[in-house]
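Visitor: Please walk me through this model, and explain each term as we reach it. I would like to see every label set against its cut-off.

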Amino acid sequence: MKKIAVYPGSFDPITNGHIDIITRALRMFDELIVLVAYNPAKTSLFTVEERMALIRDVLGRDEQRLHVDCSAGLLVDYVRSRGANVILRGLRAVSDFEYEFQMALINRRLNRDVETVFLMTGYQWFYTSSNLIKEAASLGGSVEGLVPDAVLARLQAKYNHQK
Ligand code: PNS
């Protein structure tokens, strides 16, 4: 049986930290679905379509085992609809733990067949997040090296456009 994992997130936008998780996960799973999912607690800078296009651009289209999709519904329902049973999440410093633990528990309560698996983020990305990257970029700070070049260009375009 194929080991299929779903890696959900806002990906607003995708960062080098996300890419690190994706690259490592591809060594563990037969297929990986990067899912742009709806987080009601966040307002996004990029549209769902823009986020998916950026993910596809930076990850390339050569890896047949990697899929990009979006969902506005319940995560566990999506996971089962794709024949998967693993939710993959990256874990940064301690601050992530409580939120991630709560999400893993609610998802397991919603569907006991779905397990959440965590990968520790690479140390270079331990203290960065899409939110901090957006904040820095919006104020003219350099976020080079934290996001792929294509994302850097899109961030600059967004914020210059808004000035
Ligand atoms: O990158 P984020 O914003 O931390 O990702 C959070 C996300 C999108 C994975 C989470 O909000 C989510 O699972 N949304 C889908 C809706 C859902 O199933 N919610 C119930 C479980 S928390």
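Guide: Let's begin with the word helix: here it is a DSSP run of type H or I with at least four residues, numbered from the N terminus. Please keep in mind that the model is predicted. H5, for instance, covers residues 130-138, and Gly-140, which has a positive phi near 90 degrees, comes after H5.

Visitor: What makes residues of H5 line one face of the helix?

Guide: Ser-130, Ile-133, Lys-134 and Ala-137 are the buried ones in H5. Looking down the axis of H5, you find its buried residues within an arc of 100 degrees, so they line one face of the helix. An α-helix has 3.6 residues a turn, so residues three or four places apart point the same way.

Visitor: Why is Phe-11 called buried?

Guide: Buried means under 20% relative accessible area. Phe-11 has 3% relative accessibility, so it counts as buried. Phe-11 sits in the loop between E1 and H1, and its phi is positive, about 50 degrees, although it is not a glycine. Pro-13 belongs to the loop between E1 and H1 as well, and the peptide bond leading from Asp-12 to Pro-13 is cis, with omega near 0 degrees.

Visitor: Why is Met-120 called partly exposed?

Guide: Partly exposed lies between the 20% and 50% cut-offs. The relative accessibility of Met-120 is 45%, so it counts as partly exposed. Met-120 is part of strand E5. Its C-alpha is 6.3 Å from that of Arg-92, though 28 residues separate the two in sequence.

Visitor: How do you know that E1 and E4 pair?

Guide: Pairing takes at least two DSSP bridges between two strands. E1 and E4 have two bridges, so they pair, in the parallel sense. Ile-87 in E4 is the bridge partner of Val-6. E4 is also joined to E5 by six bridges, again running parallel, and there Leu-119 of E5 partners Gly-90.

Visitor: What makes E4 mostly covered?

Guide: Six of its six residues are buried. Val-86, Leu-88 and Gly-90 point one way from E4, while Ile-87, Arg-89 and Leu-91 point the other way, and all are buried.

Visitor: How many residues of H1 are buried, and what caps its N-terminal end?

Guide: In H1, eight of the ten residues are buried, among them His-18, Ile-19 and Ile-22. The cap is Thr-15, with a side-chain oxygen 3.2 Å from the backbone nitrogen of Gly-17. A polar contact needs N or O atoms within 3.5 Å, so this distance passes that cut-off.

Visitor: How do you know which residues come nearest to the ligand, and which of its contacts are polar?

Guide: A residue is near if one of its heavy atoms lies within 4 Å. There are 15 residues around the ligand, and Ser-10, Tyr-38, Asn-39, Lys-42 and Leu-75 come nearest. Polar side-chain atoms lie 2.5 Å from a ligand oxygen for Ser-10, 2.8 Å for Asn-39 and 2.7 Å for Lys-42. The protein buries 83% of the 530 Å² that the ligand exposes when taken alone.

Visitor: Which elements supply the shell, and what kinds of residue are in it?

Guide: E1 and H4 each supply at least two residues, and H4 gives the largest share, four residues. By kind, the shell has eight nonpolar, five polar and two charged residues.

Definitions and conventions: Residues are numbered from 1 along each chain as its sequence is written. This is a predicted model: local features need pLDDT of at least 70, side-chain atom pairs count only at pLDDT 80 or more; totals for chains, interfaces and linings use all residues. Side-chain values use heavy atoms; hydrogens and water are left out. A polar contact is a pair of N or O atoms within 3.5 Å; within protein, one must be able to donate a hydrogen and the other to accept it, and residues adjacent in sequence count only if both atoms are side-chain atoms. Accessible areas come from the Shrake-Rupley method with a 1.4 Å probe; for residues, only the protein chains shown count as cover. Ala, Val, Leu, Ile, Met, Phe, Trp, Tyr, Cys and Pro count as nonpolar, Asp, Glu, Lys and Arg as charged, and the others, Gly among them, as polar. Buried means under 20% relative accessible area, exposed over 50%, partly exposed in between (1.4 Å probe, protein chains only). The arc is that of the directions from the helix axis to the C-beta atoms.
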